Amino acid sequence: MALPTLTGKEWTFLLLTLFQLLACNATYALFAPFFPIVAVDYGITQNGVAFLFSSFAATQFLTSIIAGPLATRFGRRVVLGVGVALISVGAVAFGLAPDMAPAGTILVTLLALARMVQGTGAALASVCMDAILADAFPKNRGFVLSLAGSCGGLAWAIGPPLGGKLFVLGGFRLPFLCAGALPPLVNVLMVPFFPESAKTPSAKSPKASDSADRSSKIDCSQVRELAAVPLLWLIPLCTQLSQGCKWSTFDIGIALWVTDEFGFSISEASTCFSVVSLAWCFGAPIMGSISDRFASSRLVFVIFGLVVVG
């Protein structure tokens, strides 16, 4: 497939945004290979570890519902900046929490709050970046969004091994301090290249306001139409729930299993995440092309994928 024709500024913004997606997703993932193993040293049970993983996901889910309206109200660039700041603050707070609280319930509470801050930031940032890319490249929307999806998979291939290496080199704090510094820096580099569509919408134009009202009504109509056809939302919902349950179990359990059963070091355990994530990163575009070619068989591909994951 030929690359799209973009200006130098557009290519720069696209690459920076993709790198930001990579940096943010790696920040969420870097603690997966070592935290379940060292949690016992801080008086945290495996139930506590599961709670810390789920607190991020639950907060991200709830915040995603309001992220779109917030981006429309205040502008995507502003909301993206807030999201990136929260991701950074949450990462640094998570890394420093063991030095600020005694082991046990108080520490778990602080860590959960840090993960919830990260989850809030993740929802704001991911929704804004996807929307910015979709609007900035309307003629190449499929191309840029497929790249964005691949960056998410690549982040889970890079983040855990990097987190494991940093943990071995500098202890618990180092991975989080490094991860907290990168997303804000990338966001600063993005500022000169933001397209107009990412900036705060003007509230002065009645025409623009009327257009926004009409758009809102259309969206409501689409939601009603979607709700009237259960298969259109039941299949994606069941697919995402089943995948989420599978991968959340993998994230929490794989590092413990390979260290206990095979004597893997933390660095070696972290590579287990890379194998799966790279397979997803490179497999997703291939399966996307196949599903486009055999559009009438997409449900078959979904069922096949669920069987393979199971």
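A crossing of two helices is called right-handed if the near helix is turned clockwise from the far one by less than a right angle. I put that down at the top of the page since the entry on α1 and α6 depends on it, and I add that I am reading a predicted model.

**Overall layout**

I began with the whole chain, where I found 11 helices and zero strands, so that from the N terminus on I could list the elements only as one α after another. Of the 310 residues in the chain, 38% are buried. I also looked up how far apart in sequence the contacting residues are, and among contacts between residues at least 6 apart, 82% join residues at least 24 apart.

**The pair α1 and α6**

I then turned to α1, which covers residues 8-29, and to α6, which covers 141-170. Their axes lie 8 Å apart and the helices pack at an angle of about 35°, and the crossing is right-handed in the sense written at the top of this page. On the α1 side I noted Trp11, Leu14, Leu18, Leu21, Leu22, Asn25, Ala26 and Ala29 as the residues that make the contact. From α6 the contact includes Phe143, Val144, Leu147, Ala148, Cys151 and Trp156.

**Two residues of α1**

Glutamine 20 sits in helix α1, and I asked myself whether it is buried or exposed. Its relative accessibility is 0%, and because buried means under 20%, it counts as buried. Setting aside residues up to four places away in sequence, I found glutamine 20 touching Val84, Met129, Pro183, Val186, Asn187 and Met190.

Threonine 27, also placed in helix α1, is buried with a relative accessible area of 5%. Beyond its neighbours within four places in sequence, threonine 27 is in contact with Ile87, Ala91, Gln118, Ala179 and Pro183. I also looked up its separation from tryptophan 156, which is 129 residues away along the chain, and the two C-alpha atoms are 9.3 Å apart.

**Helix α7**

Pro183 had come up for glutamine 20 and again for threonine 27, which led me to look at α7 (173-190). This helix has 18 residues and reaches 27 Å from its first C-alpha to its last, close to the 26 Å expected at 1.5 Å a residue. Its buried residues are Pro175, Phe176, Ala179, Gly180, Pro183, Val186, Asn187 and Met190. Seen down the axis of α7, these buried residues fall within an arc of 140°, so they line one face of the helix. I asked which helices they pack against, and found α1, α4 and α6.

For α4 I checked serine 88, which has its place in that helix and is buried, with a relative accessible area of 12%. Leaving out residues up to four places away in sequence, serine 88 touches Gly180, Ala181 and Pro184.

**The nonpolar cores**

The largest nonpolar core has 31 residues, and those with the most contacts inside it are Phe13, Leu14, Leu21, Leu80, Leu133, Phe137 and Met190. At least two residues of this core come from each of α1, α3, α4, α5, α6 and α7, and α5 gives the most, with eight residues. I followed leucine 133 further, and apart from its neighbours within four places in sequence it is in contact with Leu14, Thr17, Leu21, Val144, Leu145 and Ala148.

Apart from this core lies another, of 30 residues, among them Ile44, Leu52, Phe94 and Ala114. As background I wrote in the margin that nonpolar side chains in soluble globular proteins tend to be buried together.

**Leucine 52 and leucine 111**

Leucine 52 lies in helix α3 and counts as buried at 0% relative accessibility. Not counting residues up to four places away in sequence, leucine 52 touches Phe35, Val108, Leu111, Ala112 and Arg115. The C-alpha atoms of leucine 52 and alanine 112 are separated by 5.4 Å, although these residues are 60 apart along the chain.

From there I went on to leucine 111, found in helix α5 and buried, with a relative accessible area of 1%. Leaving aside its neighbours within four places in sequence, leucine 111 is in contact with Phe35, Ile44, Leu52, Phe94 and Ala97. The C-alpha atom of leucine 111 is separated by 7.7 Å from that of alanine 93, 18 residues apart along the chain.

Key:
Residues numbered from 1 in each chain as written. Predicted model: local features only at pLDDT ≥ 70, side-chain atom pairs only at ≥ 80, totals over all residues. Heavy atoms only, no water. Helix = DSSP H or I, 4+ residues; strand = E, 2+ residues; numbered from the N terminus. Buried < 20%, exposed > 50% of the residue type's maximum accessible area, 1.4 Å probe, protein only. Contact = heavy atoms within 4.5 Å. Core = buried A, V, L, I, M, F, W, Y, C linked by side-chain atoms within 4.5 Å. Expected span 1.5 Å × (residues − 1). Arc of directions from axis to C-beta. Axes fitted to C-alpha atoms, helices over the stretch in contact; angles between N-to-C directions.
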